[in-house]
Amino acid sequence: MATVCQHIHEAVGLLAGPAPDLADAMRVTARKAYVILDGTLLRIDRIAADRPYYSGKHKRHSMNVQVIADPIGRLLRTSPAPPG
């Protein structure tokens, strides 16, 4: 199992490498007429002991992700996924 987790973390690191940081995304955003800011609640599978991940509003374990996109739908930035 440790090997699988290690590979997942390596893959995420490689995919996130070319992604803009928040400062770069905000510079791009400042040049746009408008941007789209939206969020979504991602359902996750957790045990009852993981209370920070439990959303009382939605009655399930989840993580909250915020997204900034330009007017034609190109992804500019996603937030880290904190507990929902």
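In this report, two residues are in contact when heavy atoms of theirs lie within 4.5 Å. Keep that in mind as we explore this predicted model.

**The chain as a whole**

Let's begin with the overall layout. The chain has 2 helices and 4 strands, and reading along the sequence gives the pattern α-α-β-β-β-β. Of its 84 residues, 14% count as buried. The surface that the chain exposes comes to about 6500 Å², and carbon and sulfur atoms supply 61% of that area. Contacts can also link distant parts of the sequence: among those between residues at least 6 apart, 38% join residues at least 24 apart.

**A hairpin of two strands**

Now look at strand S3, which covers residues 60–69, and strand S4, which covers residues 75–78. How do S3 and S4 pair, and over how many bridges? They run in the antiparallel sense, with 3 bridges. Within this pairing, Ile 68 stands opposite Arg 77 in S4. The two strands form a hairpin with 5 residues between them. In the turn you will find Gly 73, whose phi is positive, at about 95°.

**Two residues to compare**

Thr 29 and Val 67 make a handy pair to study. Here are their accessibility values side by side.

| Residue | Element | Relative accessibility | Class |
|---|---|---|---|
| Thr 29 | helix H2 | 15% | buried |
| Val 67 | strand S3 | 24% | partly exposed |

Why does Thr 29 count as buried? Its relative accessibility is 15%, and buried means under 20%. Val 67 has a relative accessible area of 24%, so this residue is partly exposed; that class lies between the 20% and 50% limits.

**Around Thr 29**

Thr 29 sits in helix H2, which spans residues 22–30. A polar atom of the Thr 29 side chain lies 2.7 Å from the backbone oxygen of Ala 25. Leaving aside neighbours within four places in sequence, which residues does Thr 29 contact? They are Val 35, Ile 68 and Leu 76. You have met Ile 68 already, as the residue opposite Arg 77.

**Around Val 67**

Val 67 belongs to strand S3. Not counting residues up to four places away in sequence, Val 67 touches Ile 36, Leu 37, Asp 38, Leu 75, Arg 77 and Thr 78. Take Leu 37 as an example: Val 67 and Leu 37 are 30 residues apart in sequence, yet their C-alpha atoms are 5.7 Å apart in space.

Conventions
Residues numbered from 1 in each chain as written. Predicted model: local features only at pLDDT ≥ 70, side-chain atom pairs only at ≥ 80, totals over all residues. Heavy atoms only, no water. Buried < 20%, exposed > 50% of the residue type's maximum accessible area, 1.4 Å probe, protein only. Polar contact = N/O pair within 3.5 Å; in protein donor to acceptor, adjacent residues only side chain to side chain. Pairing = 2+ DSSP bridges. Areas by Shrake-Rupley, 256 points an atom, 1.4 Å probe, with all protein chains shown as cover.
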